[in-house]
Amino acid sequence: MNFSYYWYEAAHWMLGPARAASDVTKSLFENPDNPLTNTAYGRTVSAACEMFERTTRRYEKPAFGLATTVIDGREVAVSERIVWERPFCDVISFERDFPGAAAQPRLLIVAPMSGHYATLLRGTVETFLPTHRVMITDWTDARMVPLAEGRFDLDDYIDYLIAMFRSFGPDLHVMAVCQPAVPVIAAIARMEAEKDPCTPRSMILMGGPIDTRRSPTAVNELAEKRGIEWFERHCITKVPPSHPGFWRSVYPGFLQLSGFMAMNFDRHMNAHWEMFEHLVDGDGDSAEKHRDFYDEYLAVMDLTAEFYLQTVDTVFVRHDLPKGEMMHRDKPVDLMSIRRCAIMAIEGERDDISGIGQTKAALELTPNLPAEKKLYHLQKGVGHYGVFNGSRFRAEVAPRIRDFIALHGVAQEARREAAQA
């Protein structure tokens with residue numbers, strides 16, 4: 001049995017006294033009555049204490065914190081409401097109180113279940129709030145789900161998606177960011193095969209591993225080289241007794257995070273050193289930007305072992321989807337069945353997680369979908385996260401997504417059908 005989770009918990013517990021001492025020291029050197037507070041020495045000690053606290057902290061799930069948006073030049077209040085829930089996932093709807101809300105397209109953002117929380121897509125949600133009725137999947141940290149709730153694997157994930165699509169009706173557009181590209185297109189293929197009337201009108205696949213044989217990245221090559229047995233032996237552990245999901249087999253978030261950090265170790269080290277210098281120099285604004293980013297980036301969740309292993313095996317080792325061999329339960333996932341749901345594939349020129357061509361493969365694997373229902377966009381100058389967040393996403397990617405959704409919305413579809421008739 002892999003006891004890494006227990007060692008991780010023990011290390012966090014043992015650092016408790018040191019963290020407390022560091023907090024006291026920081027408070028002492030930030031006290032305005034202390035003559036050393038505004039000296040270079042005082043700021044250095046205070047900065048060192050904060051960096052120690054941040055590097056040994058367990059980061060909790062962040063909040064979206066989207067209280068308002070601007071629509072037609074007017075500030076509108078935003079509230080969150082859970083509109084669909086299961087043990088392993090809730091769907092959050094961002095409600096806006098303005099007269100034309102009901103007429104806007106409904107957009108479901110399927111957040112990745114790959115270690116980070118759905119709040120990683122805060123910027124994505126914020127971008128579409130003025131123009132769409134936005135919902136997002138809020139996947140549950142596996143360590144918080146009791147064993148009594150049962151298993152959750154890739155087949156269950158697809159079941160959840162189908163249930164969501166049916167719940168929100170046929171006038172739905174779906175955006176899959178990274179990992180969920182495969183289960184989203186699989187769910188829609190199953191619905192198309194059964195001629196389900198609730199099949200979404202369009203899907204936007206962003207930096208997703210549809211066919212990882214194309215432009216394989218270091219992540220893809222590692223999975224293929226190691227094989228599923230290696231991941232089961234080295235990455236799976238049991239949840240410790242201090243959590244509701246005690247004894248559930250999981251792929252812990254801290255292991256996933258260590259992999260993310262190792263891919264760009266120098267960049268993260270430089271970022272932390274720069275924050276230390278900002279704190280010493282009294283540059284609070286720059287330090288706050290660093291805090292905001294890493295409070296999000298370092299907050300991670302556990303994945304169920306069965307979901308993680310089945311995903312690695314199906315998507316990265318065996319490449320079942322592009323080979324036409326993927327199954328959902330006892331039924332084939334046949335991309336040839338997709339004839340109605342429009343597909344937009346988006347990739348980043350510098351993506352080091354999903355290589356160029358991996359997402360575009362979805363357009364080539366669906367020959368029965370008319371060409372006018374397909375669109376490809378390669379965003380220049382961005383990496384993986386730039387595909388769905390940042391200034392270029394807002395200025396160049398998001399407008400194309402809005403146009404694509406509008407083109408395949410209810411009104412446009414009705415006009416096309418009338419013209420064809």
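1. In this predicted model, tryptophan 247 is partly exposed, its relative accessible area being 40%. Tryptophan 247 sits in the loop that runs between strand S8 (237-238) and strand S9 (249-251), and together with Leu147 and Phe246 it makes a nonpolar surface patch of about 300 Å². The backbone at this position also deserves a look, since tryptophan 247 has a positive phi of about 80° although it is not a glycine. Most residues other than glycine have a negative phi.

2. A second residue to inspect for its backbone is aspartate 72, which is not a glycine but has a positive phi of about 55°. Aspartate 72 is found in the loop between strand S1 (68-71) and strand S2 (74-86). With a relative accessible area of 79%, aspartate 72 is exposed, whereas tryptophan 247, at 40%, counts as partly exposed.

3. On helix packing, helix H7 (residues 218-226) and helix H12 (residues 305-317) pack with their axes 9 Å apart and at an angle of about 105°, which makes H7 roughly perpendicular to H12. On the H7 side the meeting residues are Asn220, Ala223 and Glu224, and on the H12 side they are Val312, Phe316 and Val317.

4. The whole structure contains 28 salt bridges, and one of these joins the side chains of arginine 19 and glutamate 53, with an N to O distance of 3.7 Å. This pair links distant parts of the chain, as arginine 19 belongs to helix H2 (residues 16-30) and glutamate 53 to helix H3 (residues 40-56), 34 residues apart. Arginine 19 has a relative accessible area of 17% and is buried, and glutamate 53 likewise counts as buried, at 14% relative accessibility. Should the reader wish to follow the charges further, Arg19 and Glu53 are linked with Arg54, Arg57 and Asp295 in a network of salt bridges.

5. Which acidic residue does arginine 143 pair with in a salt bridge? The partner is aspartate 302, and the closest N and O atoms of the two are 3.5 Å apart. Arginine 143 lies in the loop between strand S5 (133-139) and helix H5 (154-168), while aspartate 302 lies in the loop between helix H11 (284-297) and strand S10 (303-304), so the salt bridge ties together parts of the chain that are 159 residues apart in sequence. Both arginine 143 and aspartate 302 are buried.

6. A salt bridge within a single helix is formed by arginine 291 and glutamate 288, whose closest N and O atoms are 2.8 Å apart. The two residues are separated by about one helical turn because they are three residues apart in helix H11. Their surroundings can be set side by side: arginine 291 is buried, with a relative accessible area of 18%, whereas glutamate 288 is partly exposed, with a relative accessible area of 37%. Since the cut-off for a buried residue is under 20% relative accessible area, the value of 18% places arginine 291 in the buried class.

7. Histidine 384 is another loop residue that may be checked against the structure, being located between strand S14 (374-379) and helix H15 (391-407). Is histidine 384 buried or exposed? With a relative accessible area of 7%, histidine 384 is buried. When residues up to four places away in sequence are not counted, histidine 384 touches Cys178, Gly207, Asp351, Asp352, Ile353 and Ser354. For one of these, isoleucine 353, the C-alpha to C-alpha distance to histidine 384 is 6.4 Å, although the two are 31 residues apart in sequence.

8. Aspartate 320 has its place in helix H13 (residues 320-323). Aspartate 320 is buried, having a relative accessible area of 5%, and, leaving aside neighbours within four places in sequence, aspartate 320 is in contact with Thr314, Glu325 and Met326.

9. Finally, glycine 123 is placed in helix H4 (residues 122-128) and is buried, with a relative accessible area of 16%. Glycine 123 and leucine 66 are 57 residues apart in sequence, while their C-alpha atoms are 9.6 Å apart in space.

Note on methods:
Residues numbered from 1 in each chain as written. Predicted model: local features only at pLDDT ≥ 70, side-chain atom pairs only at ≥ 80, totals over all residues. Heavy atoms only, no water. Patch = residues over 30% accessible without salt bridge, like charges linked within 9 Å, V, L, I, M, F, W, Y side chains within 5 Å. Areas by Shrake-Rupley, 256 points an atom, 1.4 Å probe, with all protein chains shown as cover. Salt bridge = Lys/Arg side-chain N within 4 Å of Asp/Glu carboxyl O. Helix = DSSP H or I, 4+ residues; strand = E, 2+ residues; numbered from the N terminus. Buried < 20%, exposed > 50% of the residue type's maximum accessible area, 1.4 Å probe, protein only. Axes fitted to C-alpha atoms, helices over the stretch in contact; angles between N-to-C directions. Parallel < 35°, antiparallel > 145°, perpendicular 65-115°, else oblique. Contact = heavy atoms within 4.5 Å.
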